[in-house]
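This report walks through one protein chain step by step, from its overall plan to its inner spaces. Please keep the sequence and the 3D view at hand while reading.

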Amino acid sequence: MKKFIMSCPFQPTFQLKLTKYEVSNNQSLDYKETCFPIIPVINAYAEENEEIELIIIESDNPNVIENKKILTKEIEDIAKEKKLIINQKVIPTKYSEDISTQLKLFSDLVSCIEDGDTVCACDTYGTKPTPIIQNMAISYAYRSMKNVDIKCVVYGQYDHMLNKSIIFDITPLISMDEIANNLARIRVKNPAEAIKNLLASDIEE
């Protein structure tokens with residue numbers, strides 16, 4: 001099954017604004033205005049009439065309750081637009097950056113992924129450690145499970161200098177981490193050059 005992972009934002013609702021994300025390096029992510037970068041990912045990678053799962057990390061921050069209402073409306077809209085069945089799975093977590101919270105989140109995320117899954121994720125929202133834990137979890141699933149495919153990982157940014165929103169496909173960084181680990185095991189002398197060569201099709205010169 002295709003599974004999409006995101007964290008529900010906890011900034012005040014007035015800061016959560018509809019925006020048209022400018023696409024940095026993956027034109028399939030081009031989409032209309034949205035508050036959540038995961039929505040363009042669903043639009044790009046879910047096929048019409050497909051059943052998918054949206055895994056939502058929800059911290060116990062009061063702003064999450066209101067932001068979830070906005071998210072629910074956008075989920076309903078994209079589901080109607082593409083005739084999707086979107087099953088939502090909530091992972092509750094503490095609004096905390098302590099290690100025990102991060103370890104539990106890692107375990108909870110891994111338990112959501114199964115053999116044969118295709119995984120997409122959004123690293124935009126959550127506490128500072130959240131995207132690290134998300135990427136660790138999907139990388140672990142890729143390494144330890146059968147036929148798990150990491151299809152797309154994105155990050156949505158608001159550039160205050162340029163006054164615009166940008167969505168970045170950072171999937172090559174996940175691949176780079178996997179390659180770096182493998183190169184470290186065999187003690188390659190020039191790992192940066194080896195990584196660049198192996199990722200040549202994904203890295204923009």
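A cavity here is a set of grid points where a 1.4 Å probe fits but cannot get out, and a residue counts as lining when it has an atom within 4 Å of a point. With that meaning in mind, the helix α3 gives 3 residues to the lining of the largest cavity, which is the largest share. The model is a predicted one.

## Overall plan

The protein chain contains 6 helices and 7 strands, and these follow one another along the sequence in the pattern β-β-α-β-α-β-α-β-α-β-β-α-α. The chain has 205 residues, of which 49% count as buried. Its accessible surface comes to about 11,200 Å², and carbon and sulfur atoms hold 53% of that area.

How much of the contact within the chain links residues 24 or more positions apart? Among the contacts with a separation of 6 or more, such pairs account for 71%.

## Helix α1, enclosed by its surroundings

In helix α1, which covers residues 38–45, 7 of the 8 residues are buried, so this helix is largely enclosed by the rest of the structure. The buried residues are Ile-38, Ile-39, Pro-40, Val-41, Ile-42, Asn-43 and Tyr-45. They pack against strands β1, β3, β5, β6 and β7 as well as helix α2.

## Helix α3 and its two faces

Helix α3 runs through residues 99–110, and at 1.5 Å a residue its 12 residues should span 16 Å; the C-alpha atoms at its ends lie 17 Å apart, which agrees with that expectation. Buried in this helix are Thr-101, Gln-102, Leu-105, Leu-109 and Val-110. Seen down the axis of α3, the buried residues fall within an arc of 165°, so they line one face of the helix. The background to this is that an α-helix has 3.6 residues a turn, so residues three or four places apart point the same way.

The face turned away from the buried side of α3 carries Ile-99, Ser-100 and Leu-103, which are exposed. The buried residues of α3, for their part, pack against strands β1, β3 and β4 and against helix α4.

## Loops and a strand residue

Two residues can be found in the loop between α1 and β3: Glu-47 and Asn-49. Leaving aside its neighbours within four places in sequence, Glu-47 is in contact with Lys-2, Lys-82 and Leu-84. The C-alpha atoms of Glu-47 and Lys-83 are separated by 8.8 Å, although these residues stand 36 residues apart along the chain.

Most residues other than glycine have a negative phi. Against that background, Asn-49 has a positive phi near 70°, and Lys-83, which lies in the loop between α2 and β4, has a positive phi near 55°. Asn-49 counts as exposed, with a relative accessibility of 56%, because the cut-off for exposed is over 50%.

Is Thr-118, by contrast, buried or exposed? This residue belongs to strand β5, which covers residues 118–122, and Thr-118 is buried because its relative accessible area is 18%, while the limit for buried is under 20%. Apart from neighbours within four places in sequence, the contacts of Thr-118 are Met-1, Lys-2, Lys-3, Asp-149 and Lys-151.

## Empty spaces: a cavity and a pocket

Rolling a probe the size of a water molecule over the atoms shows where empty space is left. How many cavities of 30 Å³ or more does this structure have? The count comes to 1, and the largest cavity holds about 80 Å³ of space. It is lined by 13 residues, and those closest to its centre are Ser-59, Thr-93, Lys-94, Thr-127 and Thr-130. The elements β3 and α3 are those that give two or more residues to this lining.

The largest pocket has a volume of about 560 Å³. It is lined by 24 residues, of which Gln-11, Gln-15, Tyr-125, Gly-156 and Tyr-158 are the closest to its centre. Strand β6, covering residues 149–159, gives the most to the lining of the largest pocket, with 4 residues.

Key. Residues numbered from 1 in each chain as written. Predicted model: local features only at pLDDT ≥ 70, side-chain atom pairs only at ≥ 80, totals over all residues. Heavy atoms only, no water. Contact = heavy atoms within 4.5 Å. Buried < 20%, exposed > 50% of the residue type's maximum accessible area, 1.4 Å probe, protein only. Areas by Shrake-Rupley, 256 points an atom, 1.4 Å probe, with all protein chains shown as cover. Expected span 1.5 Å × (residues − 1). Arc of directions from axis to C-beta. 1 Å grid on protein atoms, 1.4 Å probe; cavity = no way out; pocket = protein on both sides within 12 Å on 5 of 7 lines; lining within 4 Å. Points joined across faces, edges and corners; volume = space filled by probe spheres on them.
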